[in-house]
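Me: I'd like to learn how to read a structure like this one. Can you take me through it feature by feature?

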Amino acid sequence: MNLLTHLKTVIITQTKQLFEVSDDLFGSLEFKINMDREQQFGDLSCNVAMILAKPLGQSPRDVAAALAKQLKGSADKALFADVTIAGPGFLNILLAPAAWRRLQQELFEQSEAFFKLGADQKKSKYLLEFV
């Protein structure tokens, strides 16, 4: 499992744990994790709070605030330098330097295999831009 897939798994796990979301409900929702060009949005942005807000009956910013706090306190907190909330409820994630080193190492070692799915993985789209 590469780092980007691992980060998505962490977000899913922490969201399910925090909000006690069923697998059926979570499986029917499709959220995105994007790598942004603009540094103001962090390294990654995620819309999971906006997708979950309606089924949970909460505001997207409240969901995002609770999830940001959960991610910062998770066992994988070393991956995150910071998690902030923007706009209506986007999570902006700033990766820790160690996470960037891990991602670079994985890209170097796995080359084209980095972008191939494992047998148990669902197809996802990633856009990586190096500027």
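Me: Let's start with the core. How many residues does the largest nonpolar core have, and which have the most contacts inside it?
Reply: Keep in mind that this is a predicted model. A nonpolar core is a set of buried nonpolar residues joined through their side chains. Here the largest one has 31 residues, and those with the most contacts inside it are Ile 11, Val 48, Leu 71, Phe 80 and Leu 91. Elements giving two or more residues to this core include α1, α3 (48-56), α4 (60-72) and α5 (97-110), along with strands such as β3 and β4. Its largest share, six residues, comes from α1.

Me: Let's pick Ile 11. Where is its place in the chain, and is it buried or exposed?
Reply: Ile 11 sits in helix α1, which covers residues 3-19. Buried means under 20% relative accessible area. Ile 11 has just 1%, so it counts as buried.

Me: And which residues does Ile 11 touch, leaving out those up to four places away in sequence?
Reply: Phe 31, Ile 33, Cys 46, Val 48, Leu 71 and Ile 93. It's also worth comparing sequence with space: Ile 11 and Leu 67 are 56 residues apart in sequence, yet 8.4 Å apart C-alpha to C-alpha.

Me: What about Phe 80; which residues does that one touch, with the same sequence neighbours left out?
Reply: Phe 80 touches Leu 7, Val 10, Leu 71, Ser 74, Ile 93, Leu 94 and Ala 96. Leu 71 and Ile 93 are also among the residues that Ile 11 touches.

Me: Zooming out, how many helices and strands are there in the chain, and how do the elements run from the N terminus?
Reply: There are five helices and four strands. From the N terminus on, they go α-α-β-β-α-α-β-β-α. As for contacts between residues at least 6 apart in sequence, 52% join residues at least 24 apart. Of the 131 residues, 36% count as buried.

Me: Now the strands. In what sense do β3 and β4 pair, and over how many bridges?
Reply: For pairing, look at the direction of the strands and then at the bridge partners. Strand β3 (residues 80-86) and strand β4 (residues 90-95) are antiparallel, over six bridges. Thr 84 has Asn 92 in β4 as its bridge partner, and Val 83 stands opposite Ile 93. The two strands form a hairpin with three residues between them, and Gly 87 in the turn has a positive phi of about 55 degrees.

Me: Which other strand do bridges join to β4?
Reply: β2 does: three bridges join it to β4, and the two run antiparallel. In that pairing, Cys 46 has Leu 91 as its bridge partner.

Me: Back to phi. What is the phi of Glu 20 near?
Reply: First the general idea: most residues other than glycine have a negative phi. Glu 20 goes the other way, with a positive phi near 50 degrees. It lies in the loop between α1 and α2 (23-28). Exposed means over 50% relative accessible area, and Glu 20 is exposed because its value is 71%.

Me: Last, the rings. How many aromatic pairs does the count come to?
Reply: A pair of aromatic rings is described by the distance of the centres and the angle of the planes. In this model the count comes to zero aromatic pairs. There is a charge over a ring, though: Lys 8 lies over the face of Phe 31, at 5.0 Å from the ring centre.

Terms used
Residues are numbered from 1 along each chain as its sequence is written. This is a predicted model: local features need pLDDT of at least 70, side-chain atom pairs count only at pLDDT 80 or more; totals for chains, interfaces and linings use all residues. Side-chain values use heavy atoms; hydrogens and water are left out. Buried means under 20% relative accessible area, exposed over 50%, partly exposed in between (1.4 Å probe, protein chains only). Contact means heavy atoms within 4.5 Å. Two strands pair if DSSP finds at least two bridges between them. A nonpolar core is a set of buried Ala, Val, Leu, Ile, Met, Phe, Trp, Tyr and Cys residues joined through side-chain atoms within 4.5 Å. Rings of Phe, Tyr and Trp (its six-membered ring) pair if their centres lie within 6.5 Å; planes under 30 degrees apart count as stacked, over 60 as edge-to-face and the rest as tilted. A charge sits over a ring if NZ of Lys or CZ of Arg is within 6 Å of the ring centre and within 35 degrees of the ring normal.
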